[in-house]
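The following dialogue takes a learner through the reading of one structural model. Each turn of the teacher moves from a general idea to the case at hand.

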Amino acid sequence: MKLKRLELIGFKSFYDKTTFDFSEGISTIVGPNGCGKSNIVDAIRWVLGEHAPSYVRSKALEDVIFAGSDAAGPLGMAEVTLTFVNDDGNAPPGYESYVEISVTRRTYRDGESEFLINRMPCRLKDIAEPFLDMGAGARGYAIVQQGKVGEFAKAKPDENRLIIEEAAGGTLF
């Protein structure tokens, strides 16, 4: 399966509906400080089942909802949809025949949440477990901070091993 698209509405700094289309070869998102790069990572982690606020850089899960700005008031809901293309048939069990698989998570200020797979209601567990088995779960990736790529290129083999082990564990470095 390949990542095809990420759609955000009211998630953290994304007030308007924002869509990221991932075509062949895209592997990074770059931009200046404060443009929302980390919020994109948080959105992916959140839609795939993260329920610990600290892992999406929040104090409470309600904090993922756009809180307002000088130009726009707070929203009452946040929604993230992550769409995968299943052109290789390696989807989680039960979804192998689908051409695309969309996972949606929605939360409201009153604390209610909704979870959907291909627009069909489901449980958080129905999202988290199959994708975790594929290595695409909420903690199935690593974030490489600015400057670490250069360190990796200059590092000795033993130092690189530590960096790779840290990434394989899904931790931040």
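The dialogue below begins with the overall architecture and then turns to individual features.

Q: What is the order of the elements in the protein, and how many helices and strands are there?

A: The model is a predicted one. The protein has four helices and six strands. Read from the N terminus, these elements follow the order β-β-α-β-β-β-β-α-α-α.

Q: Which share of the residues is buried, and what share of the contacts joins residues 24 or more positions apart?

A: Of the 173 residues in the protein, 35% are buried. Among contacts with a separation of 6 or more, 55% are between residues 24 or more positions apart.

Q: How should the largest nonpolar core be read, and which of its residues touch the most other members?

A: In soluble globular proteins, nonpolar side chains tend to be buried together. Here the largest nonpolar core holds 26 residues, and those touching the most other members are Leu 6, Leu 8, Phe 11, Val 64, Val 80 and Leu 82. At least two residues of this core come from each of strand 1 (2-9), helix 1 (37-47), strand 3 (77-85), strand 4 (100-108) and strand 5 (113-117). Helix 1 gives the largest share, five residues.

Q: With which residues is Leu 82 in contact, leaving aside its neighbours within four places in sequence?

A: With those neighbours set aside, Leu 82 is in contact with Leu 3, Arg 5, Leu 6, Ile 44, Val 47, Leu 48, Ile 101, Ser 102 and Val 103. Leu 82 is also one of the core residues that touch the most other members.

Q: Is helix 1 mostly covered or mostly uncovered, and which of its residues are buried?

A: An α-helix has 3.6 residues a turn, so residues three or four places apart point the same way. In this model helix 1 is mostly covered, with eight of its 11 residues buried. The buried residues of helix 1 are Asn 39, Ile 40, Asp 42, Ala 43, Ile 44, Arg 45, Trp 46 and Val 47. After helix 1 comes Gly 49, which has a positive phi near 120 degrees.

Q: Where do residues other than glycine show a positive phi?

A: Most residues other than glycine have a negative phi, and most peptide bonds are trans. Lys 12 has a positive phi, near 50 degrees, and lies in the loop between strand 1 and strand 2 (18-21). Arg 57 likewise has a positive phi, of about 50 degrees, and is found in the loop between helix 1 and strand 3. Lys 12 is buried, at 11% relative accessible area, whereas Arg 57 is partly exposed, at 48%.

Q: How many salt bridges are there, and what does the pair of Asp 87 and Lys 2 link?

A: Side chains of opposite charge can pair when their charged atoms come close. The count of salt bridges comes to nine. One of them joins Asp 87 to Lys 2, with the closest N and O atoms 3.6 Å apart. This pair links distant parts of the chain, since Asp 87 lies in the loop between strand 3 and strand 4 and Lys 2 lies in strand 1, 85 residues apart. Asp 87 is exposed, with a relative accessible area of 53%, and Lys 2 is partly exposed at 38%.

Q: Which residues are joined into one network by salt bridges that share partners, and how are Asp 126 and Arg 123 paired?

A: The side chains of Asp 126 and Arg 123 meet in a salt bridge with an N to O distance of 2.7 Å. Asp 126 is partly exposed at 25% relative accessibility, and Arg 123 is partly exposed at 49%. Shared partners join Arg 5, Glu 7 and Lys 17 into one network of salt bridges. Within this network, the closest N and O atoms of Glu 7 and Arg 5 are 3.3 Å apart. Glu 7 is buried, with a relative accessible area of 18%, a value under the 20% cut-off.

Q: What lines the second largest pocket, and which residues lie nearest its centre?

A: The second largest pocket contains about 290 Å³ of space. Its lining consists of 14 residues, and Glu 7, Thr 81, Ser 102, Thr 104 and Arg 119 lie nearest the centre. By class, this lining has six charged, five polar and three nonpolar residues. Strand 1, strand 3, strand 4 and strand 5 each supply at least two residues of the lining.

Key:
Residues are numbered from 1 along each chain as its sequence is written. This is a predicted model: local features need pLDDT of at least 70, side-chain atom pairs count only at pLDDT 80 or more; totals for chains, interfaces and linings use all residues. Side-chain values use heavy atoms; hydrogens and water are left out. On a 1 Å grid over the protein atoms alone, a cavity is a set of points where a 1.4 Å probe fits but cannot get out, and a pocket is an open set with protein on both sides within 12 Å along at least five of seven lines; lining residues have an atom within 4 Å of a point. Grid points are joined across faces, edges and corners, and a volume is the space filled by probe spheres set on the points. Ala, Val, Leu, Ile, Met, Phe, Trp, Tyr, Cys and Pro count as nonpolar, Asp, Glu, Lys and Arg as charged, and the others, Gly among them, as polar. A nonpolar core is a set of buried Ala, Val, Leu, Ile, Met, Phe, Trp, Tyr and Cys residues joined through side-chain atoms within 4.5 Å. Buried means under 20% relative accessible area, exposed over 50%, partly exposed in between (1.4 Å probe, protein chains only). Contact means heavy atoms within 4.5 Å. A salt bridge is a side-chain nitrogen of Lys or Arg within 4 Å of a carboxyl oxygen of Asp or Glu.
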